[in-house]
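Let's take a walk through a protein model together. Have the 3D view open and follow along as we go.

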Amino acid sequence: MRTGAAPASSPDAGIHLSGEALMGLRHLARRGGMPATRTLAGLPGGIVTRRRGRGSEPEDVRPWTEGDDRRHIDRNATARTGQLHVRTHHDERDRAVVLLADFRPAMLFGTRRALRSVAAAEALALLGWRIAADGGRIGLAVAGVGEPTVLRPSGGERAMTAVTGALAAAHARALESAEAADPPLEPVLAAAASLLPSGGHLVIASALDTPGPGFDGLLTLVAERVSVRLILVSDAFERVRRPGFFPYALANGRRGVLRADGAGGASADARLADYARRGIGGLRLDVEAGPEAYAPLMERLDAVL
């Protein structure tokens, strides 16, 4: 089964991806204490703590206190006041993040609210808006049939305008090739990684259906140079507990039957655990939940980038 969607207010709801809707997600992304993520870092177990280290950018001058490093004494303030003063610093982060969206034919599937491809784009847009507002640089790579869409990382609202427009255009092209076979993900993964400096961040939104025989090996190599995070997109049908055979109908009139074995939810969690053991963290994105539920997940992901 390639394309499908749950009944909604309009026949196309959840199938077509709107650049304007992705632009509108910036307001949802800004909810919550986003400035705090500039000085937060994730640790195992879901604990969030302030980043260690004095940083490199001057922030403030304050009176000396016991335990301060003498190397940070500010001579001008000390001479002016007659009391020891030290200069504090904050961490200057030049975050370069590439968002990799999987729009291959297998992602053009959905039984609740939207296609998996649409949910992937929504989550990545939410994350991108957060990073852009925090001064980071955003790039994009889109996997589909034919040549991939690639945008080099850049900053500001203009960068996100380009990203949302490119996502919408790439998704429209993907819908035209919904019946094609899935190409491997390796070429797009390599292209996305090439956009990043060492220490950059790659975020992949995909269900990882038929990623290709060399995907895992390449992903391991990429993770040695850049930070990799996975958003594993999951449709409700894949997590159904009751096994059986289920009929479906596509927008083009084609009908068929799908078999469910009831192991989808456990399989998704097991895959995430396997990637985590290899140092590639991730989370499961349930398509039916929608952007309101995705926003706090992307806030948590933003905190560890």
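Keep in mind that this is a predicted model. A good place to start is helix α4, residues 156-176, which lies across the strands β5 (96-102), β6 (137-143) and β7. Against β7, the helix runs at about 165°.

Those strands belong to something wider. What is the order of the strands in the open sheet? Reading across, you get β7-β6-β5-β8-β9-β12, which makes 6 strands with mixed pairing. Strands of a sheet pair through backbone hydrogen bonds, and they can do so parallel or antiparallel. At the edges stand β7 (149-155) and β12 (281-286); each has a single partner strand, so one side of each is left without a neighbour in the sheet. From one strand to the next, the twist averages 15°.

Now zoom in on β8 (residues 201-206) and β9 (residues 227-234). These two run parallel and are joined by 6 bridges. To pick out one bridge partner, look at A205: its partner in β9 is I231.

Next, the aromatic rings. The structure holds 1 aromatic pair, made by F109 and F237 in an edge-to-face arrangement, with 6.3 Å centre to centre and 70° between the planes. Why does this pair tie together parts that are 128 residues apart in sequence? Because F109 sits in the loop between β5 and α3 (116-133), while F237 sits in the loop between β9 and β10 (244-249).

Are these two rings' residues buried or exposed? Both fall under the 20% cut-off for buried:

| Residue | Relative accessible area | Status |
|---|---|---|
| F109 | 6% | buried |
| F237 | 19% | buried |

Conventions:
Residues are numbered from 1 along each chain as its sequence is written. This is a predicted model: local features need pLDDT of at least 70, side-chain atom pairs count only at pLDDT 80 or more; totals for chains, interfaces and linings use all residues. Side-chain values use heavy atoms; hydrogens and water are left out. Two strands pair if DSSP finds at least two bridges between them. Helices (H or I, at least four residues) and strands (E, at least two) are DSSP runs, numbered from the N terminus. Axes are lines fitted to C-alpha atoms, for helices over the stretch in contact, and angles run from 0 to 180 degrees between N-to-C directions. Contact means heavy atoms within 4.5 Å. Rings of Phe, Tyr and Trp (its six-membered ring) pair if their centres lie within 6.5 Å; planes under 30 degrees apart count as stacked, over 60 as edge-to-face and the rest as tilted. Buried means under 20% relative accessible area, exposed over 50%, partly exposed in between (1.4 Å probe, protein chains only).
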